[in-house]
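Let's walk through this fold helix by helix, and then stop at a few backbone oddities. Keep the viewer open as you read.

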Amino acid sequence: MASGRTGLLLINLGSPDAPTEEAVRRYLDEFLSDRRVVEIPPLIWQPILKLFVLRTRPKISAANYAKIWDRQANESPLKVITRAQAAALEGAFGADVVVDWAMRYGTPSIGERLERLRAAGCERIFAAPLYPQYAGATTGTVEDELARELGRQGWKPALHVLPPYYDHPAYIAALKVSLERQLAALDFVPEAVLLSFHGLPKRSVERGDPYERHCRETARLLRLACGRSEAEMPLAYQSRFGRAEWLQPYAEPLLAEMARGGTRRVAVLTPGFAADCIETLEEIAIGARETFRAAGGEEFAALTCLNASDEGVAMLQQLLGEFQDSAIR
Ligand SMILES: C=CC1=C(C)c2cc3[nH]c(cc4nc(cc5[nH]c(cc1n2)c(C)c5CCC(=O)O)C(CCC(=O)O)=C4C)c(C)c3C=C
Ligand SMILES: [Fe+2]
Ligand SMILES: [Fe+2]
């Protein structure tokens with residue numbers, strides 16, 4: 001068996017295995033039972049989850065997944081794109097660096113892919129949770145799972161986890177290139193480019209989560225790089241879940257307010273998502289478009305994420321190259 005190799009594991013959130021009620025229920029049960037995601041004591045949350053959420057939400061979510069499902073690959077776009085990102089990085093760091101990918105929830109699991117890297121002779125693991133902005137509900141839970149799985153497997157490789165990259169010059173530069181390329185291809189000029197980030201309960205931020213600060217800093221740096229004002233490039237949060245207050249302003253009400261205030265043409269960029277997924281392809285490209293139009297808006301462009309674009313892959317290569325160089329060997 002080869003040894004002394006390095007494993008580079010790209011990690012994103014995960015999706016159901018099929019756009020069906022049953023598969024979505026399994027996925028949501030795992031995802032929403034994670035105490036880093038829903039910070040309500042299990043004694044209170046589990047009955048709500050099992051008796052209400054898992055009886056109602058899977059049907060709605062499955063219908064939404066069905067709208068965006070990649071029928072050819074028979075997979076969610078999030079998985080298709082994450083696989084493509086890993087494939088594009090294969091060989092980029094030399095033959096001794098094995099590149100693989102995993103999902104925090106569902107398949108392929110972090111545990112399964114760690115086992116594969118071990119079998120390939122890796123003695124060092126560089127894990128890259130593909131979340132530019134840190135949140136306990138995303139990067140934090142990936143760190144927990146990596147540690148838990150290595151413990152369970154009784155394996156002790158050197159483990160390094162990519163820090164959040166919300167302010168990295170290569171990330172901001174890639175967003176700028178992607179934004180400008182996509183804007184130039186539109187047949188209209190948007191009056192505003194909305195920066196829409198996934199939301200988080202306000203309480204998590206009050207308890208110390210740096211997520212809101214990271215989102216604001218990404219937005220500030222991107223505006224600076226693009227020479228746009230806050231009015232031309234506002235920030236909002238999407239994907240609110242449940243009844244509690246989440247970070248504000250909420251994206252869809254803001255888009256409706258903009259349309260009612262006279263904005264006719266908008267583009268929406270989702271810089272917090274490394275890959276297009278249900279939140280960008282359904283909630284924004286379908287739902288938010290309808291909301292904006294119903295309120296009087298005319299032109300709406302949902303811009304793609306960095307995905308496996310040239311600029312997206314070049315950014316990952318730079319970030320991950322620096323990350324490996326910075327580790328003590
Ligand atoms: C309490 C609920 C949720 C928190 C907190 C949360 C944080 C959070 N999520 C992402 C990124 C993604 N979330 C995605 C889907 C998704 N998120 C929630 C709930 C919470 N997210 C749900 C219920 C779902 C499933 C979809 C649905 O039923 O509407 C996805 C996409 C997954 C896919 O398969 O396409 C991503 C990516 C971040 C970055 C974040 C915290 C900042
Ligand atoms: Fe989410
Ligand atoms: Fe959503």
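A helix axis here is a line fitted to C-alpha atoms over the stretch in contact, and angles run from 0 to 180 degrees between N-to-C directions. Helices (H or I, at least four residues) and strands (E, at least two) are DSSP runs, numbered from the N terminus. This is a predicted model, so local features need pLDDT of at least 70 and side-chain atom pairs count only at pLDDT 80 or more, while totals for chains, interfaces and linings use all residues. Residues are numbered from 1 along each chain as its sequence is written, and chains are lettered from A and ligands numbered from 1 in the order in which they are written.

Start with α6 and α11, whose axes come within 9 Å and cross at roughly 175°. That makes α6 roughly antiparallel to α11 (angles under 35 degrees count as roughly parallel, over 145 as roughly antiparallel, 65 to 115 as roughly perpendicular and the rest as oblique). Ala170, Tyr171, Ala174, Val177 and Ser178 from α6 meet Glu311, Gly312, Met315, Gln318 and Leu319 from α11, a contact being two C-beta atoms, placed from the backbone, within 7 Å.

Now look at α6 by itself. Its 16 residues, 169-184, should span 22 Å at 1.5 Å a residue, and the end C-alpha atoms are indeed 22 Å apart; the expected span is 1.5 Å times one less than the number of residues. Which residues of α6 are buried? They are Tyr171, Ile172, Ala174, Leu175, Ser178 and Leu179, where buried needs 20 or more other C-beta atoms within 10 Å of a residue's own, exposed 12 or fewer, and partly exposed is in between, with C-beta atoms placed from the backbone. They cover an arc of only 160° around the axis, which puts them on the same side of α6; the arc is that of the directions from the helix axis to the C-beta atoms. An α-helix has 3.6 residues a turn, so residues three or four places apart point the same way. On the other side of α6, Pro169, Glu180 and Ala184 are exposed. The cover over the buried residues includes β5, α8, β7 and α11.

Next, try α2 and α10, which pack at about 90° with their axes 9 Å apart. That makes α2 roughly perpendicular to α10. Asn64, Tyr65, Lys67 and Ile68 of α2 make the contact with Ile278, Leu281, Glu282 and Ile286 of α10. Ile68 counts as buried because it has 20 C-beta neighbours inside 10 Å. Beyond its neighbours within four places in sequence, Ile68 is in contact with Pro77, Ile278, Leu281 and Glu282.

Pro77 belongs to the buried set of α3, along with Leu78, Lys79, Ile81, Thr82, Gln85 and Leu89. Among the elements covering that set are β1, α2, β2, α10 and α11. Just after α3, Gly91 takes a positive phi of about 85°.

Finally, the oddities. Asn74, in the loop between α2 and α3, has a positive phi near 50° without being a glycine. Asn74 counts as exposed because it has 11 C-beta neighbours inside 10 Å. Thr107 and Pro108 are joined by a cis peptide bond with omega about -10°, and Gln248 and Pro249 by another, with omega about 0°. Pro249 sits in the loop between β6 and α9, and so does Ser239, whose phi is near 60°.
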